[in-house]
Amino acid sequence: MCGFTSQLDDAAQALDGASSVLVITGAGLSADSGMPTYRGVGGLYHDVHTSEGVPIEVALSGDMFRSRPEITWKYLLQIGDACRGRSPNRGHEVIALFEQRFDRAWILTQNVDGFHRTAGSQNVIDIHGDLHDLRCLTCDHLERIELDAYIGDEPPNCVLCGAAARPEVVLFGEMLPMDKVSRLEAELRCGFDVVLSIGTSSLFPYISQPVRQVASGGGTVIEINPDLTDVSGYATIALRLGAAEALDAIWSRMSPP
Ligand code: OAD
């Protein structure tokens, strides 16, 4: 953390002066809970092709789920398995504290582990869904399940009728949930004083665009990521650190409420 003292002070000062904050999170935040990221060394997508000979994005696509659900399930179960036994870290906790600290605080997360809600956050737009939400493909029943259900090779079935089910997560090629997109747009129209981009490669336009929008509105952009990303050029303050240690250090520098 040495060498980042002034950036941490700047980040704390920007947050002390803010009343509205948007926090955008990706797999790098949960990496500090021991979860793999999608891209980069050790990431789930490190191998270009799966053992089925298709890219992971094809294996985890809506088309594949319709034609060969067992292939998509194999990788959904791998992601679920990676979540099991893990829990939110100090970064999730600090972000949850933001809701009491600021007049408006929202989270836009791509993570499907549900850790923001587990850590106590309520204003969560989980744009890629949540593995805890299992929807029956026959009776449409929606059940909140434990991640322990993603164990072994057998997909969890509907708890009511026993038919095949799927988690309410966005597979490649599928539409984003409209209610969540509308919520995000409405909050962006209200504007934010500060946006934090944490642990995401920001490859998707709906993840990078809010950063650009806050920046063009004169807001402060804080990026927390050990590496450069697609939004690094917009960062007013760049913290090339792990998410949990950076957020803890920022929180400890902020003035008491
Ligand atoms: P990626 O795996 O693309 O990027 C993870 C980012 O976290 C990288 O920029 C890393 O440098 C950074 N990182 C790694 N360790 C970190 C740490 N300890 N603290 C902070 N940052 C760290 O993950 P996402 O950007 O979340 O979508 O990926 C976005 C989407 O791609 C996922 O939601 C998923 C995937 O395809 C779907 O499944 C639809």
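How do the residues of the lining of the second largest pocket divide into nonpolar, polar and charged? I will come back to that in a few minutes, once we have gone through the ligand and the spaces around it, and please keep in mind throughout that what we have on the screen is a predicted model.

Let me begin with the ligand. The space that the ligand takes is the largest pocket, and that pocket has a volume of about 850 Å³. Its lining is made up of 42 residues, and those closest to the centre of the pocket are Ala-27, Thr-37, Tyr-38, Arg-39 and Ser-201. Two elements, α2 and α5, give two or more residues each to this lining, and the largest share, 3 residues, comes from α2. If we sort the lining of the largest pocket by class, we find 23 nonpolar, 15 polar and 4 charged residues.

Now to the shell around the ligand itself, where there are 22 residues, of which Tyr-38, Arg-39, Thr-200, Ser-201 and Asn-225 come nearest. By class, this shell has 9 nonpolar, 10 polar and 3 charged residues, and α2 gives the most to it, with 3 residues.

As for individual polar contacts, I would point to three of them. The side chain of Asp-32 has an N or O atom 2.9 Å from a nitrogen atom of the ligand, while a backbone N or O atom of Ala-243 also lies 2.9 Å from a ligand nitrogen atom. On the oxygen side, a polar backbone atom of Gly-199 is 3.2 Å from an oxygen atom of the ligand. Taken on its own, the ligand has 790 Å² of accessible area, and the protein covers 89% of that.

Let me turn next to the enclosed spaces. The structure holds 3 cavities of 30 Å³ or more, and in the largest of these there is about 110 Å³ of space. Its lining includes Ala-27, Ser-30, Met-35, Pro-36 and Tyr-38, and also, among others, Ile-79, Ala-82 and Cys-83. Both α2, which runs over 27–31, and α5, at 69–83, give two or more residues to the lining of this largest cavity, with α5 giving the most, 3 residues. By class, that lining has 9 nonpolar, 2 polar and 1 charged residues.

The second largest cavity has a volume of about 60 Å³, and the residues that line it include Thr-109, Phe-115, His-116, Arg-117, Val-124 and Asp-130. Here the elements that give two or more residues are α7, at 115–118, β3, at 124–126, and β4, at 129–136, and α7 gives the most, with 3 residues. The classes in this lining come out as 2 nonpolar, 5 polar and 4 charged residues. Asn-111 and Asp-113 are worth finding on the screen, since they line the largest cavity and they also line the second largest one.

That brings me back to the second largest pocket, in which there is about 260 Å³ of space. It is lined by 18 residues, and the closest to its centre are Gly-129, Glu-168, Val-169, Pro-177 and Lys-180. The strands β4 and β6, the latter at 165–169, each supply at least two residues of this lining. As for the question I opened with, the residues of that lining divide into 8 nonpolar, 1 polar and 9 charged.

Conventions
Residues numbered from 1 in each chain as written. Predicted model: local features only at pLDDT ≥ 70, side-chain atom pairs only at ≥ 80, totals over all residues. Heavy atoms only, no water. 1 Å grid on protein atoms, 1.4 Å probe; cavity = no way out; pocket = protein on both sides within 12 Å on 5 of 7 lines; lining within 4 Å. Points joined across faces, edges and corners; volume = space filled by probe spheres on them. Helix = DSSP H or I, 4+ residues; strand = E, 2+ residues; numbered from the N terminus. Nonpolar A, V, L, I, M, F, W, Y, C, P; charged D, E, K, R; others polar. Near = heavy atom within 4 Å. Polar contact = N/O pair within 3.5 Å; in protein donor to acceptor, adjacent residues only side chain to side chain. Areas by Shrake-Rupley, 256 points an atom, 1.4 Å probe, with all protein chains shown as cover. Sits in = over half its atoms within 2 Å of the grid points.
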